[in-house]
Amino acid sequence: MSKQYETVIGLEVHVELATKTKIFCGCSTAFGAAPNTQTCPVCTGMPGSLPVLNRQVLEYAIAVGLATNCDITRYSKFDRKNYFYPDNPQNYQISQLYLPICQNGGVEIETEQGGRKIVGIHEIHMEEDAGKLIHDEWEDCSLVDYNRSGVPLIEIVSEPDMRSAEEVIAYMEKLRQVIQYLGASDCKLQEGSMRADVNLSVREAGAETFGTRTEMKNLNSFKAITRAIAGETARQIDLIEAGERVVQETRRWDDAKGESYAMRSKEDAQDYRYFPDPDLTPIRVSEEMLQEIRERQPEFRTEKMARYREEFDIPDYDIDIITGEKPLADLFEAAVALGAQPKKVSNWIMGETLRLMKEREVDAADLRFSPEHLAKLIALTETKQINSSVAKEVFEVMFEENTDPEQYVEEKGLKTVNDEGALKKAAEEVIAANPRSVEDYRNGKEKAIGFLVGQTMKAMKGKADPGAVNRLLREFLQK
Amino acid sequence: MKIKIFNRGICVCALLDTNPVMRKKCAEMEKNMANMINDETIEYVGILAKLELSAEEKEQAKSDMGRMLDYIDKLGELDTTDVEPVSHVFPVENVFREDVVINGDERERLLSNAPQEKDGMFVVPRTFE
Amino acid sequence: MNIANMTATQLAAAIRAGETTAVEAAEAVLAQIEKEDKKYNCYVTVDRNGALAQAKAVQEKIEAGEFSGPLAGVPVAVKDNICTEGLLTTCSSKILHNFVPAYTAEAVKNLQRAGAVILGKTNMDEFAMGSTTETSAYGPTRNPRNTAHVPGGSSGGSAAAVAAGECIYAIGSDTGGSIRQPASYCGVVGMKPTYGTVSRYGLIAYGSSLDQIGPLTKDVEDCAAVLETLASHDPKDSTSVSRADTDFTTALTRDVEGLRIGIPNDYLGEGLDGEVRTAVLQAAEVLEKKGASVERFDLSLVEYAIPAYYTIAAAEASSNLERFDGIRYGYRTEAFEGLHGMYKKSRSEGFGEEVKRRIMLGSFVLSSGYYDAYYLKALKVKALIKKAFDAAFAKYDLILGPVAPTTAPELGESLADPIRMYLGDIYTIAVNLAGLPGISVPCGEDSRGLPIGLQLIGDCFQEKTLLRAAYTYEQEVREHEQTV
């Protein structure tokens, strides 16, 4: 490859809103129900049924628009996007093309070089999600479940302002953070409550015009997005280098195979025949409505960071990480409110929580343990009822099952033994059984004490306070 | 009844007349139809609308659609430069429902009309490649 | 007492007075259906057992004093594009040949709350696309006044059933004249209310921005009573309007003193049958004699209503009818290849010719590159038409004219030429585009004995003015007939 290329990326991010009901009917949006048990004539496209807009959807969409510096469209409409597919019960999707609710916004991200840049948001529109198709291997057919049909989505369409996978991820993390702060969605990539389609083109470095772009779908993790961007960039460069043309098309990324393929078929005309949905009325956003939503906007990250610096004596680095994800900040604040010392809570989040989240691939939004239990665990260590290694052991259990630490410690008999006699007896036995280490210590090898402490803790089945053991051993050995 | 010629050569008023001479004249004029719908267009619209027409139906559809479009072209006579398109005649706006679950499980009723069902779901030809 | 000939108001009064019962009424009308429907084919489905069971239940409630309105215990026929739970609803299409809705349309629920007894579902043009009831997949309906002629359409089954005494009253839907025109052809009263007055929830959509449910009745008094019952603000229909003035029966007064009536010259011009013209102008004279002022004026834009209408209705229909794909309900073809093969074959076999024609046209006018030239243009013309009516209603309280250019044509006469058929809607269509209320009242017959309809058009929400004028006209004519 002799020439230098630049990758140009724009994103269409779909976010499922955290409403109780669907966008156009009173069916529940709860996850995991049996197929088609959360459906009605509206979301299964029964003849004669009609949609009515869920007010909360509009309010969330406006809130996200305000938080991403968009202009709110004062006169907005819904349009029908017509295409046949079985997951789409009316064979049209109600969406917004001509007058989307939010336009011309942008968010700031940090670039790899440590600089900052604005990623423009072209528009945010409201639309309905489709149902789910399940392949039936036995009968070689597909089955349709409309539980997700009609779940509200916002689609956030960026400008083609990103130049690398890192910027894409920084942008998505920024969106996720803002939306989570608003409580408008949990933004879980794995569960599909946040999804991204990547529009990508390449051009020679320094070129003025954009190249032909492709759209990639089916990207459900940051890793998949990174790989897909690398793969598609390479594919397009190869085409250009070989003197061929990039075709504007939709491609499906197969993350397992690490390649994408065109989704086009003869029956797929990509002509959606948008027109205003006559079943829905226009939306006029009044100044009062806007003001009400503005007033309800929560404390965003920048404000929260400033407040943490003011209120809590914890390092800036911790503040940065904790406020980076709303669920972590919520956890932190709730545990502190229950009386736990901020520094201790922060340590638990920064240490064990992040470690286990990474190790077990758990999103912050999916953390199971309650702030009450974390506060209890901290109290147990503070009052020296358990030592730190027991605390870590308890935390791991709590992390998985939100177990009550007090109850668990009690049941498993993990409390530190404060029985002087038992401890003295164990220490004496260890000293008697390890003459070499005793010798070493006495000869000035400070390290040897660690071995003896370990042995004593082992004899105590871990239920002693290591500090107390250390003090006791030194006392004995000085005799 | 007089023959009235609309902008592109179709005489609609004559169609109302049962006089065979008039009808013939009208048919002649239709040969000069402005909107010539070709096979590709019919094929394309068939894909959009998911309709499969027989050869005979296609010919009919070509002529019907051409005539209708010629007729619709009459709208072009009106100057609508500063006119706002109207989809709803009254200013009914901001109709919302509150975010409250009101529907229960209606699966059995909703599935009762399905041509084919399995495990509480609608059966369709395979959609995955 | 000949129940089949009674109006709803008369019958309900007789039931309340204990002179007959809801069950007897249902039995009488069912007997009439049995006797006559082979000739006219008004019904797609007659729910004999259901009707008798409802009648029995309603009668008990009447006796218990729970129902006292003018529709309690009265048998009604429902157009087959209005959903009725547990009762076949086909839109007179093969594609819905086996469709049994899981819910009842709000308008029908309103009737049921008033103690109506649903007899069955009436024949119509397939998906309400047509003006003759000949595009039905279940055979044409015939005009009870002359079976060689069509009853009009698309609510032809409803209009014919009222005319033939196969129901006491009926409900239909009107997208471009589909209540008023068959009412005119069959010699009954039919009314399309202001858009948004009757809930569309449960009405299987044709042109959503134009569709309205309305009554077909034997006289104006019934029309007011039925509309009063049908009208409601329905939170399930976003386009439903909340109005306080739906006590339409209060408008049944014989008084048109000072009423300003305008007759558009455009409605009396070329293409209008001479006998229809004479009858309509005579009707205007009747109102003038009672104190209304009548004058001619130029409405303008009349010839643009049909092309605008067919663009908008076809576009909306092409989208509304996408859901009929053989997956969730309705007809699915036997043998097919793949998903798209199933779509295409099911739809091509399930829809009739006229429906396919409009779907194709609608898909085309919305397709990439044509949207602005056709659909958007039509919406702008719609705005101009609305303006023309606004200007007219600044001068007049009512617009008066014919319902259709001719009386009912013979079977087979219209279908051969679609544009010709569409032109028959010229006086009714603009009313739908502008969302206005319109009523068709019988105003005589032609030399062949076929009924002629008088159309009165009001400004938005002016149903009461419309009903008052229609009632006055009807009473004057009745009185005149009695004295002759």
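Which strands of chain C does helix H4 (residues 106-113) lie across? I opened the predicted model with that in mind. I found H4 of chain C across strand E2 (75-79), strand E3 (117-122), E4 and E6 of chain C. Against E4(C), I read a direction of about 160 degrees for H4(C).

**Entry: the sheet of chain C**

I then traced the sheet under that helix. It is an open sheet of 11 strands in chain C, and its pairing is mixed. I noted the order as E1-E3-E2-E4-E6-E5-E10-E11-E9-E7-E8. At the edges I found strand E1 (43-46) and strand E8 (293-297) of chain C; each has a single partner strand, so one side of each lacks a neighbour in the sheet. On average, neighbouring strands here are turned by 30 degrees against each other, with direction ignored.

I picked one pair for a closer look. Strand E4 (residues 169-174) and strand E6 (residues 212-217) of chain C pair over 5 bridges in the antiparallel sense. Within E4(C) and E6(C) I checked one position: C:Asp174 is opposite C:Gln212 of E6(C).

**Entry: chain C overall**

I counted the elements of chain C as 15 helices and 11 strands. Its radius of gyration is 21 Å, where the globule rule gives 23 Å for 484 residues, so chain C is as compact as a globular protein of that length. I noted the span of its C-alpha trace along the principal axes as about 70 × 55 × 45 Å.

**Entry: chain A overall**

I did the same for chain A, which has 15 helices and 17 strands. Here the radius of gyration is 29 Å, whereas a compact globule of 479 residues would have one near 23 Å. The box filled by the C-alpha atoms of chain A, taken along the principal axes, is roughly 90 × 60 × 55 Å.

**Entry: the sheet of chain A**

Which strands stand at the edges of the 9-stranded sheet in chain A? I first wrote down the order of this open sheet, E3-E7-E8-E11-E1-E12-E13-E14-E15, with mixed pairing. The edges are strand E3 (71-72) and strand E15 (259-262) of chain A, each of which pairs on one side only.

Strand E7 (residues 102-110) and strand E8 (residues 116-128) of chain A run antiparallel and are joined by 8 bridges. I found A:Ile109 opposite A:Lys117 of E8(A). Helix H3 (residues 222-241) of chain A packs on the sheet. I listed the strands of chain A that H3(A) touches as strand E1 (5-16), strand E12 (194-204), strand E13 (214-219), strand E14 (250-254) and E15. The direction of H3(A) makes about 30 degrees with that of E12(A).

**Entry: H2 on H3, chain A**

H3(A) also packs with helix H2 (residues 165-182) of chain A, at an angle of about 150 degrees and with the axes 9 Å apart. H2(A) and H3(A) are therefore roughly antiparallel. I logged the crossing as right-handed. From H2(A), the contact takes A:Ala165, A:Val168, A:Ile169, A:Met172, A:Glu173 and A:Arg176; from H3(A), it takes A:Phe222, A:Ile225, A:Thr226 and A:Ile229. By class I have 7 nonpolar, 1 polar and 2 charged residues in the contact of H2(A) with H3(A).

**Entry: H12 and its two partners, chain A**

I next followed helix H12 (residues 420-433) of chain A. Its axis and that of helix H15 (residues 466-478) of chain A come within 10 Å and cross at roughly 55 degrees. That angle makes H12(A) oblique to H15(A). The crossing is right-handed. H12(A) brings A:Leu423, A:Lys424, A:Ala427, A:Glu428 and A:Ile431 to the contact, and H15(A) brings A:Val469, A:Leu472, A:Leu473, A:Phe476 and A:Leu477. I sorted the residues of this contact into 8 nonpolar, no polar and 2 charged.

H12(A) packs with helix H14 (residues 448-459) of chain A at about 130 degrees, the axes being 9 Å apart. H12(A) is oblique to H14(A) as well, and their crossing is right-handed. I found A:Ala426, A:Ala427 and A:Val430 of H12(A) meeting A:Leu452, A:Gln455, A:Thr456 and A:Ala459 of H14(A). The contact of H12(A) with H14(A) divides into 5 nonpolar, 2 polar and no charged residues.

**Entry: backbone checks**

Most residues other than glycine have a negative phi, and most peptide bonds are trans. I noted A:Asn402, which is not a glycine but has a positive phi of about 50 degrees. A:Asn402 is in the loop between helix H10 (388-401) and helix H11 (405-412) of chain A. In chain C, I noted a cis peptide bond from C:Gly153 to C:Ser154, with omega near 10 degrees. C:Ser154 is in the loop between E3 and helix H5 (156-163) of chain C.

Definitions and conventions:
Residues numbered from 1 in each chain as written. Chains lettered and ligands numbered in written order. Predicted model: local features only at pLDDT ≥ 70, side-chain atom pairs only at ≥ 80, totals over all residues. Heavy atoms only, no water. Pairing = 2+ DSSP bridges. Helix = DSSP H or I, 4+ residues; strand = E, 2+ residues; numbered from the N terminus. Axes fitted to C-alpha atoms, helices over the stretch in contact; angles between N-to-C directions. Contact = heavy atoms within 4.5 Å. Parallel < 35°, antiparallel > 145°, perpendicular 65-115°, else oblique. Left-handed = near helix turned anticlockwise from the far one by under 90°. Nonpolar A, V, L, I, M, F, W, Y, C, P; charged D, E, K, R; others polar. Rg over C-alpha atoms; globule rule 2.2 N^0.38 Å.
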